[in-house]
Amino acid sequence: MDTLTGFQRDLLYVVAGADHPSGQDVSDELEGYYGAEINYGRLYPNLDELVEAGFVEKGELDRRTNYYEITDAGLEAIERRREWEDQYVNL
């Protein structure tokens, strides 16, 4: 997790919080959060990096649409990150 960019962490959190989201679903969620359009040239390479890192799995819904799913390693990375954050920010 410590090698991920902030954008990649946000992608990971969105994938973790959704049920098999498509790339478009992830993009829509982040556009709402950021208040700006997410470029496909930014979105998909970063999702692919999360897949390569083993944090996310990619599957096929149909010939044109992929879905993403958090892995156990991705959930563990989020948990470790949250524990680290709690050392500094106690809400």
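The following questions and answers concern the helices of a predicted model.

In this predicted model, local features need pLDDT of at least 70 and side-chain atom pairs count only at pLDDT 80 or more, while totals for chains, interfaces and linings use all residues. Residues are numbered from 1 along each chain as its sequence is written, and side-chain values use heavy atoms, with hydrogens and water left out.

User: At roughly what angle do the axes of helix 1 and helix 4 cross?

Analyst: Helices are DSSP runs of H or I with at least four residues, and strands are runs of E with at least two, numbered from the N terminus. Axes are lines fitted to C-alpha atoms, for helices over the stretch in contact, and angles run from 0 to 180 degrees between N-to-C directions. The axes of helix 1 (residues 6-16) and helix 4 (residues 72-86) come within 11 Å, and they cross at roughly 115°.

User: Which residues of helix 4 make the contact with helix 1?

Analyst: Contact means heavy atoms within 4.5 Å. Helix 1 contributes Arg-9, Leu-12, Tyr-13 and Ala-16. From helix 4 come Gly-74, Ile-78, Arg-81, Arg-82 and Glu-85.

User: Why are the buried residues of helix 2 on the same side?

Analyst: Buried means under 20% relative accessible area, exposed over 50%, and partly exposed in between (1.4 Å probe, protein chains only). In helix 2 (residues 23-34), the buried residues are Gly-23, Val-26, Ser-27 and Leu-30. The arc is that of the directions from the helix axis to the C-beta atoms. These residues of helix 2 lie on the same side because they cover an arc of only 100°.

User: Which exposed residues does the opposite face of helix 2 carry, turned away from its buried side?

Analyst: The buried residues of helix 2 are covered by elements including helix 1, helix 3 (40-52) and strand 2 (66-70). The face turned away from that buried side carries Glu-29 and Gly-32.

User: What arc do the buried residues of helix 3 fall within?

Analyst: Leu-43, Asn-46, Leu-47 and Leu-50 are the buried residues of helix 3. An α-helix has 3.6 residues a turn, so residues three or four places apart point the same way. Seen down the axis, the buried residues of helix 3 line one face of the helix, because they fall within an arc of 105°.

User: How far apart in space are Glu-49 and Leu-4, C-alpha to C-alpha?

Analyst: Glu-49 has its place in helix 3 and counts as partly exposed because its relative accessibility is 44%. In sequence, Glu-49 and Leu-4 are 45 residues apart. In space, their C-alpha to C-alpha separation is 9.2 Å.

Key. The expected span of a helix is 1.5 Å times one less than its number of residues.
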